[in-house]
Amino acid sequence: MARADGPPRRREWPAKGDARHGSVPHAGPSMKALHALAFLAAGAALALALAAADAASPPDPPPLPELLSGTGLFVPGSVERVQADVIEFSPQYPLWSDATEKRRWLRLPPGAFVDASDPDAWVFPPGTRLWKQFALGGRRLETRLIERLADGSWRYATYVWDADGRDARLAPATGAAALTVAGRDAPYPIPSETDCRACHEGAPVPVLGFSALQLSPDRDPLAPHAGPAVPEADLRALVARGVVRNLPPSLLESPPRIAARSPVERAALGYLHGNCGQCHSRPDAAGAGVPVDVRLAQSVVDPASARQVLDSLVRAPSRFRPHGTDAARVVQPGHPDASVLALRMRSRDPRTQMPPLGSTLTDAEGLALIERWIAHDLPRNESLTP
C-alpha cells in the first residue's frame, strides 16, 4: 500500500564498507594477502627443514691430495718412513698381481677400532684408510688408496709414482696411461676407479686382505707369493692392541685355518679364496658376488664352508664350453686339462681369463698348485668332505 504522504521510496542498500553492511573498512587483510602470507610461511618452514637436513647429513669429503705424501701414509717430508700410527700387514693368501712386489698399510682414526663381531665381515670405522704399493725390481709403480667416508661409503684412488721416485701423483678416476717397465714385455696398466670397485665391491666388505683368515697366526707355508709375516699385525697382536675388537675368543684360542685333507689342498683353497673369493663369495652374502654358482670364499665361523667350496667346484657342471665340449666340469678330479678352473686361470684372453681384471700375465706358480691339487689330491671316487 502506498504511503499517504507521497509515492513509495526505493529501498537503498548500504554500500560496502558502510557500518550497516556488517563490516568495518580495513579491519583485516584481504584473501589475497592471506594466501601470500601462508605461502611465505610454508616457504620459510621448507627452508628450515632443508637447512636441518643439510646440518644432519655428513659434509662432502675434502678432495684427495694431489700427492701421495699428503694422504697421511708417510712422515711429513718423507716418502720412505710411514707414520707411527700406520700398521703394515701381510695377508697369507695374497692376490696375484703380475709378479709385482707389494706392501700394505692400514690407518684408523684416533681411538677407533675394527669391529669383528661378524668374524667374516669386519666393520671398519669412517676415516679408515688403506694403502697398497706395487713395485717391480725395486721401482715403485703405483700406490692405491681406499678410504671409508663419513656416510659409510668408500672411495678409491690410485697414485702413480714419478720416475725419480720422489712422490706419486693422483691419477684420474678414469685411469692413467700404462707404464713402460724395463724387463717387462707388456705395459703395466693403471686401474680406473671403476676397475677398483669391480673387484673390491663384489665382496661383503670392500677391504681385501685384512681379515681373520688372512691375518691368522696359523699361516699356510705353501701359500703362493706370500710375503713375510708381520708379527705385530697378526690376529692375536691386533686384538691385544685394541685395533680389532669383539672377535669371538674361540678364534684366538684356535686361530682360523682352512679345513682340508692335505697341505696342498689347504693351499689351493686358500689361493682361490684370496684371488677369487671376493667375487665368488659366500652363499649368504647379500648382494655380493657374481651370478655363477661357484663359491670360493672361506668362512672362519661356518664349519661347512670348506665343503660348500668343494661341492661348488668338484664335478660341478660349467656353462663355459672350451673347444666345443658338451659337458665341461669346473674341476674334474685327476684331469687338470679337462677342468674349466685351470683352463681359465691359464688363459689371458680378456674374454675368458680368470680373474678377469688386474692381470695380464698367467700366474705359473698358482696354476701349478691348482693343477697339482686336481691331479693328485682330489679323490676320484670318494667323499669330498674334508
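Which glycine in the turn of the hairpin formed by strand 5 and strand 6 has a positive phi? The residue to look for is Gly-152, with a phi of about 95°, and the hairpin has 5 residues between its two strands. Please keep in mind while you look around that this is a predicted model.

**The chain at a glance**

The chain holds 8 helices and 10 strands. Of its 386 residues, 43% are buried. If you take the contacts between residues at least 6 apart in sequence, 57% of them join residues at least 24 apart.

**The six-stranded sheet**

A good place to begin is the open sheet of 6 strands, which runs in the order 1-2-4-5-6-7 with antiparallel pairing. Strand 1 and strand 7 (168-170) stand at its edges; each has a single partner strand, so one side of each is left without a neighbour in the sheet. On average, neighbouring strands are turned by 25° against each other, direction ignored.

The table follows some of the strand pairs, with a residue pair to find in each.

| Strand pair | Bridges | Residues standing opposite |
|---|---|---|
| Strand 1 and strand 2 | 3 bridges | Glu-88 and Trp-105 |
| Strand 2 and strand 4 | 7 bridges | Arg-107 and Arg-129 |
| Strand 4 and strand 5 | 8 bridges | Trp-131 and Leu-145 |
| Strand 5 and strand 6 | 7 bridges | Arg-144 and Thr-158 |

You can find one more partner in strand 4 (residues 129-136): Lys-132 is the bridge partner of Arg-104. Strand 4 also forms a hairpin with strand 5, with 2 residues between the strands, and there Gly-137 takes a positive phi near 60°.

Strand 5 (139-148) is mostly covered, with 8 of its 10 residues buried. Helix 2 (residues 193-200) packs on the sheet and touches strand 5 and strand 6. The direction of helix 2 makes about 125° with that of strand 6.

**Two nonpolar cores**

In soluble globular proteins, nonpolar side chains tend to be buried together. Here the largest nonpolar core has 57 residues, and those touching the most other members are Trp-122, Phe-124, Phe-210, Leu-272, Leu-313, Ile-370 and Trp-373. Several elements give two or more residues to this core, among them strand 1 (87-89), strand 6 (154-161), helix 5 (263-276), helix 6 (305-313) and helix 8 (364-377). Helix 5 gives the largest share, 7 residues.

A second, separate core has 13 residues, including Leu-73, Val-86, Trp-131 and Leu-145. Trp-131 and Leu-145 will be familiar from the sheet, where Trp-131 in strand 4 stands opposite Leu-145 in strand 5.

**Helix 6 and Leu-313**

Which residues of helix 6 are buried? They are Ser-305, Ala-306, Val-309, Leu-310, Ser-312 and Leu-313. Seen down the axis of helix 6, these buried residues fall within an arc of 165°, so they line one face of the helix. Their cover includes helix 5 and helix 8.

Leu-313 makes a handy landmark on this helix. Leaving aside neighbours within four places in sequence, Leu-313 is in contact with Leu-272, Val-294, Leu-296, Val-330, Val-331 and Trp-373. Helix 6 is followed by Arg-315, which has a positive phi near 65°.

**Asp-98, a charged residue to inspect**

Is Asp-98 buried or exposed? With a relative accessible area of 4%, Asp-98 is buried, because the cut-off for buried is under 20%. Asp-98 is placed in the loop between strand 1 and strand 2 (101-107).

Two backbone nitrogens lie by its side chain. That of Thr-360 is 2.8 Å from a polar atom of the Asp-98 side chain, and that of Leu-361 is 3.1 Å from a polar atom of the Asp-98 side chain. Not counting residues up to four places away in sequence, Asp-98 touches Leu-136, Arg-184, Ser-359, Thr-360 and Leu-361.

**Ala-176 in strand 8**

Finally, turn to Ala-176, which sits in strand 8 (residues 176-179). Ala-176 counts as partly exposed, at 31% relative accessibility. Beyond its neighbours within four places in sequence, Ala-176 is in contact with Val-160, Ala-171 and Ile-190. Thr-158 is 18 residues from Ala-176 in sequence, and the two are 9.1 Å apart in space, C-alpha to C-alpha. You have met Thr-158 already, as the residue in strand 6 that stands opposite Arg-144.

Conventions:
Residues are numbered from 1 along each chain as its sequence is written. This is a predicted model: local features need pLDDT of at least 70, side-chain atom pairs count only at pLDDT 80 or more; totals for chains, interfaces and linings use all residues. Side-chain values use heavy atoms; hydrogens and water are left out. A nonpolar core is a set of buried Ala, Val, Leu, Ile, Met, Phe, Trp, Tyr and Cys residues joined through side-chain atoms within 4.5 Å. Buried means under 20% relative accessible area, exposed over 50%, partly exposed in between (1.4 Å probe, protein chains only). Helices (H or I, at least four residues) and strands (E, at least two) are DSSP runs, numbered from the N terminus. Contact means heavy atoms within 4.5 Å. A polar contact is a pair of N or O atoms within 3.5 Å; within protein, one must be able to donate a hydrogen and the other to accept it, and residues adjacent in sequence count only if both atoms are side-chain atoms. Two strands pair if DSSP finds at least two bridges between them. Axes are lines fitted to C-alpha atoms, for helices over the stretch in contact, and angles run from 0 to 180 degrees between N-to-C directions. The arc is that of the directions from the helix axis to the C-beta atoms.
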